[in-house]
Amino acid sequence: PLWVDDEGGWENPKTIDRFAAFVRRLAPVFAKRVRYWITINEPFGFAVEGWLTGHHPPGRNMDLGGCVQVLDNLLAAHAAAYDILHEEAAKLGRPCDVSFAKNFVVFEPENKSSILANALSFVLNYNYNQAMFDAVDSGTFRLGIPLVLPLHVTHMPQLAGKLDFIGVNHYYRSLVSVNWRSLHDFFSMWTGNGDAREQRLTATSDVSARVNIGPFQFSIQMAEQHKKNDMGWDLTPYSLLHVLRSVEHFTDLNRKLPLFVTENGACDQDEPDVRRKDYLLGSLRAVRQALQEGVPIKGYLYWSLMDNFEWAEGFGPRFGLIRVDYKTLERSWTNSARVFEKITRAHEERQSS
């Protein structure tokens, strides 16, 4: 709400209490019907896109302090919501499973022989993908990227153990590279008119970023020669298998929890939607492979059933299995929807036989 944003939004710790009050109002109404709850959708993506890339509201660019404050408050809000939801479910004698939906990005070195690119990929994978689960496991939230983000440690004993399943949102992998900066670019950092730190840190879009540190330029980007969806994201369904294999082993807590793929999909405005169909089939193969390897996956949710309003991109991207004509509101099935229907019906038949 605008009135919350006017008072600092998620940077303001008071928002934790307001969110808890919101949950306490809704929980008694829905607890009779709902077992599985997502308290916060993509908390890390929300903070990074809003306070680092500036791609989403409030549009901050490389506000590191604001970003970690928002993450702290989101985790605290999750812990508060977890307690309220379980409390209301217990009153009704209803089962209750609570989590947050974590958006996973697989960071891979573009040049696999580059020591620096491998090291940066490791650091990014930990901070972006694993740190939140370590926080839930231990009650201490740690973030840190050498030379970019000083070590940030927040003790949250109220958070420890408050996760009943792992919600996996995943769409793509990102390539990490390390290159030498030009001498002109390097020396302009110290001799230019602008602020040196502003020149060192630049986020160019929601899927690409460039960080200048000393003589190096560290970059995160999509592959130039790779099939993409309509938002420019590389279509890499195989990376879902990497996520499903790795997330189970993050912490002792994770090894005990079931997984749900809470979001996975591709935006494709083409008719027929061949790219979406291929991505969907590749993702389902990844889920099947993970299941065969013993990963405790309990469900797969495609994003999305119908075309939707997509963050900063509005009604442009077409993620829906069901195509929506926004002028007439007529709905029509895509080729991917028919393929998905056949797969789910076949699965139901096997389960019932």
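This passage walks through some helices, their packing, and a handful of single residues in a predicted model.

A good place to start is helix α2, which covers residues 14-30. At 1.5 Å a residue, its 17 residues should span 24 Å, and the end C-alpha atoms turn out to be 25 Å apart, which agrees. Several residues of α2 are buried, namely T15, I16, F19, A20, V23 and A27. An α-helix has 3.6 residues a turn, so residues three or four places apart point the same way. The buried residues of α2 pack against three elements: α1 (2-6), β1 (36-41) and α4 (64-92).

The pairing of α2 with α4 can be described in more detail. Their axes come within 9 Å and cross at roughly 25 degrees. Because angles under 35 degrees count as roughly parallel, α2 is roughly parallel to α4. The crossing itself is right-handed. On the α2 side, the contact is made by I16, F19, A20, V23, R24, A27 and P28. On the α4 side, the partners are N73, A76, A77, A80, A81, I84, L85, E87 and E88. Sorted by class, this contact of α2 with α4 comes to 12 nonpolar, 1 polar and 3 charged residues.

Helix α4 also meets helix α3, which runs over residues 43-51. Here the axes again come within 9 Å, but the crossing angle is roughly 155 degrees. With angles over 145 degrees counted as roughly antiparallel, α3 and α4 are therefore roughly antiparallel to each other. The crossing of α3 and α4 is right-handed. From α3, the residues involved are P43, F44, F46, A47, V48 and W51, and they meet G66, C67, V70, L71 and L74 in α4. By class, there are 10 nonpolar residues and 1 polar residue in the contact of α3 with α4, and no charged ones. The loop between α3 and α4 holds P58, and the peptide bond leading from P57 to P58 is cis, with omega near 5 degrees.

Further along the chain comes α9, residues 274-292. Its 19 residues should span 27 Å at 1.5 Å a residue, and its end C-alpha atoms are 27 Å apart, which agrees. The buried residues of α9 are R275, R276, Y279, L280, G282, S283, L284, A286, V287 and A290. Their cover includes the strands β5 (166-180), β9 (259-263), β10 (297-300) and β11 (322-324), along with the helices α8 (238-247) and α10. Just past the end of α9, G294 has a positive phi of about 95 degrees.

The packing partner α10 spans residues 335-352. The axes of α9 and α10 lie 9 Å apart, at an angle of about 25 degrees, and the two helices are therefore roughly parallel to each other. Their crossing is right-handed. R276, K277, L280, L281 and L284 of α9 make the contact with N335, S336, V339, F340 and I343 of α10. Split by class, the contact of α9 with α10 has 6 nonpolar, 2 polar and 2 charged residues.

A few backbone details sit in the loops of this part of the chain. As background, most residues other than glycine have a negative phi, and most peptide bonds are trans. In the loop between β10 and β11 lies S304, and the peptide bond from W303 to S304 is cis, with omega near 0 degrees. The loop between β10 and β11 is also the place of W311, a residue other than glycine with a positive phi, near 40 degrees. W311 is partly exposed, with a relative accessible area of 38%. L329, in the loop between β11 and β12 (331-333), has a positive phi too, near 65 degrees. L329 is exposed, at 53% relative accessible area.

Two more residues round out the picture. D134 lies in helix α5 (residues 115-138) and is buried, with a relative accessible area of 19%. Although D134 and T251 are 117 residues apart in sequence, their C-alpha atoms are 6.4 Å apart in space. Leaving out residues up to four places away in sequence, D134 touches Y126, G139, T140, F250 and T251. P150, in strand β4 (residues 149-155), is exposed, with a relative accessible area of 58%. Beyond its neighbours within four places in sequence, P150 is in contact with L143 and G144.

Note on methods. Residues numbered from 1 in each chain as written. Predicted model: local features only at pLDDT ≥ 70, side-chain atom pairs only at ≥ 80, totals over all residues. Heavy atoms only, no water. Helix = DSSP H or I, 4+ residues; strand = E, 2+ residues; numbered from the N terminus. Expected span 1.5 Å × (residues − 1). Buried < 20%, exposed > 50% of the residue type's maximum accessible area, 1.4 Å probe, protein only. Contact = heavy atoms within 4.5 Å. Axes fitted to C-alpha atoms, helices over the stretch in contact; angles between N-to-C directions. Parallel < 35°, antiparallel > 145°, perpendicular 65-115°, else oblique. Left-handed = near helix turned anticlockwise from the far one by under 90°. Nonpolar A, V, L, I, M, F, W, Y, C, P; charged D, E, K, R; others polar.
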